[in-house]
Amino acid sequence: ICPGTTQVLDAGYSGGTYLWSNAATSQTITITTAGTYAVKVTAANGCIGHDTIAVNPGWQPVNSMPASVNLCAGTTITLNAGNAGCSYTWNTTETTQYIDVTMSGNYSVDIMSPDHCVAHGSTQVIERALPVVDLGNDTAICPGDAIVLNAGNPGNTFSWNTGATTQSVTAVDSGNYAVMVTNAYDCHAEDTMHLAYLSQAYAEGFNFIPLFYEELGKVSFSMLNPRDVISCQWDFGDGSPFSTDLTPSHVYASGNYLVTLTVFNGCGQYSVSLLIHVDTVTGIAEVINRNGAISLYPNPAHNQVIIENKTGLPAQQLMVIDALGRMVYKKLNPNDKQVLDVSGFASGLYTVRLLTKAGWSTGKVEVVK
């Protein structure tokens, strides 16, 4: 017998007299509790019969489902009716002990034991919003600067990959920064951003190409190996307005012009100049070598040549180019007196280019074997 239910016991012989162990005198009795029940039946002829029955307590399932549970938006939770070994009928038509839930609502289940005792369970599933976390786009900062990353969602808990547990962190090192934000309902969301260093804008110099076949005196310019450049400015050296195009062209009259390229980013600017000569009669645009800017000796050279910077400005770059236009040597920030080993160079004429803030200076050296 299941708790809270009734059971009818019937002595099964009509027309007799009855005496039950609970003092009842009817052919049938209705019981509500487990126990041992006996009956004596006396027929009209005086014959007597006896019988006894043991009524055991049935297995009553227990409702173990909580009144309500939280469901984080976009996730799945599992509801457990408990009472393993029973049979189940959910209001979702599922018949298993566990069901997966992805939507809010009321979920109920009837749990029946093998003794046919039934318990009813239900729970209200409440959908909870996830925290909205936005650290911003990947960005770059100048060396020595810092940026504050704010995960928002005040009052929540925070876990950064740096070990911090605050809403905001100050980032000074390049790398990936990630944070997980968890709200009061144990719903969490995360975001990641990459922080890089942005060096000062730099360009090794610039190239220029005469386009006299398009228009007399027209010269095209382009930056040489720009690095971390966000914008630029060209001063063509003839008093004309500056240009901010990356690859501008300009029309010159014959003459000498100091062309200056300035490159910019959020960390500063850098300028490089080149004195060029434009001859619209011959169709030539070329670099003007600053007399005495470079001293090359011995010249001709056999095993080594000394390259001496006479500009009075710190040298930023030194290049040696062979007669075929191939760069055979390059050094950044060379000494004012640089010794170059040419023992491995083939015989021939080489162009030496020295870059300072005033632009490129060139010279020629002959290697003889």
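**View 1. The largest pocket.** A pocket, as the term is used for this predicted model, is an open set of grid points with protein on both sides within 12 Å along at least five of seven lines, and the largest pocket found by that criterion has a volume of about 160 Å³. Its lining is made up of 13 residues, of which Asp 10, Ala 11, Trp 20, Val 39 and Asp 51 are the closest to the centre of the pocket. Strand 1 (7-10), strand 4 (35-42) and strand 5 (48-55) each supply at least two residues of this lining, and the largest share, five residues, comes from strand 5. Sorted by class, the residues that line the largest pocket comprise eight nonpolar, three polar and two charged ones.

**View 2. The largest cavity.** Searching the whole structure yields one cavity of 30 Å³ or more, and the volume of the largest cavity is about 30 Å³. The residues lining this cavity are Ile 307, Glu 308, Asn 309, Leu 318, Pro 334, Asn 335, Asp 336, Gln 338 and Leu 354. Strand 26 (residues 304-309) contributes the most to the lining of the largest cavity, with three residues. When the lining of the largest cavity is divided by class, four residues are nonpolar, three are polar and two are charged.

**View 3. The surroundings of Glu 308.** Glu 308, one of the residues that line the largest cavity, has its place in strand 26. Why does Glu 308 count as buried? Its relative accessibility is 17%, and Glu 308 therefore falls into the buried class, for which the value must be under 20%. The side chain of Glu 308 takes part in a polar contact of 3.2 Å with the side chain of Tyr 297, and a polar contact of 3.2 Å also joins the side chains of Glu 308 and Lys 310. With neighbours within four places in sequence set aside, Glu 308 is in contact with Ala 293, Ile 294, Ser 295, Tyr 297, Asp 336 and Lys 337. Of these partners, Tyr 297 is thus named both for the polar contact between side chains and in the list of contacts, while Asp 336 is named both in that list and in the lining of the largest cavity.

**View 4. The largest nonpolar core, with Trp 234.** The largest nonpolar core consists of 27 residues, and those with the most contacts inside it are Phe 221, Trp 234, Tyr 252, Leu 261 and Ile 276. Two or more residues are given to this core by each of strand 18 (205-210), strand 19 (218-224), strand 20 (231-235), strand 22 (255-265) and strand 23 (268-279). The largest share of this core, five residues, is provided by strand 23. A second, separate core, which has 16 residues, includes Ala 315, Val 342, Val 352 and Val 365. Beyond its neighbours within four places in sequence, Trp 234 is in contact with residues including Phe 206, Phe 221, Met 223, Phe 242, Leu 246, Pro 248, Val 259 and Leu 261, and among its further contacts are Ser 222, Ser 243, Asp 245 and Thr 260.

**View 5. The surroundings of Glu 204.** Glu 204 is located in the loop between strand 17 and strand 18. Because its relative accessible area is 10%, Glu 204 is classed as buried. The side chains of Glu 204 and Asn 225 are joined by a polar contact of 2.9 Å. Not counting residues up to four places away in sequence, Glu 204 touches Leu 224, Asn 225, Val 272, Gln 317, Lys 330, Leu 355 and Trp 360.

**View 6. The surroundings of Phe 158.** Phe 158 belongs to strand 14 (residues 157-160). With a relative accessible area of 9%, Phe 158 is buried. Apart from residues up to four places away in sequence, Phe 158 touches Ala 151, Gly 152, Asn 153, Ala 164, Thr 165, Thr 166, Gln 167, Val 179, Met 180 and Val 181. Between the C-alpha atoms of Phe 158 and Thr 28, which are 130 residues apart along the chain, the separation is 70 Å.

**View 7. The surroundings of Tyr 185.** The loop between strand 16 (175-182) and strand 17 (188-197) contains Tyr 185. Because its relative accessibility is 38%, Tyr 185 counts as partly exposed. Residues up to four places away in sequence being excluded, Tyr 185 touches Asn 70, Cys 72 and Arg 128, and a polar contact of 3.5 Å joins its side chain to that of Arg 128. From C-alpha to C-alpha, Tyr 185 and Ile 284 lie 76 Å apart in space, at a sequence separation of 99 residues.

Notes
Residues numbered from 1 in each chain as written. Predicted model: local features only at pLDDT ≥ 70, side-chain atom pairs only at ≥ 80, totals over all residues. Heavy atoms only, no water. Core = buried A, V, L, I, M, F, W, Y, C linked by side-chain atoms within 4.5 Å. Buried < 20%, exposed > 50% of the residue type's maximum accessible area, 1.4 Å probe, protein only. Helix = DSSP H or I, 4+ residues; strand = E, 2+ residues; numbered from the N terminus. Contact = heavy atoms within 4.5 Å. 1 Å grid on protein atoms, 1.4 Å probe; cavity = no way out; pocket = protein on both sides within 12 Å on 5 of 7 lines; lining within 4 Å. Points joined across faces, edges and corners; volume = space filled by probe spheres on them. Nonpolar A, V, L, I, M, F, W, Y, C, P; charged D, E, K, R; others polar. Polar contact = N/O pair within 3.5 Å; in protein donor to acceptor, adjacent residues only side chain to side chain.
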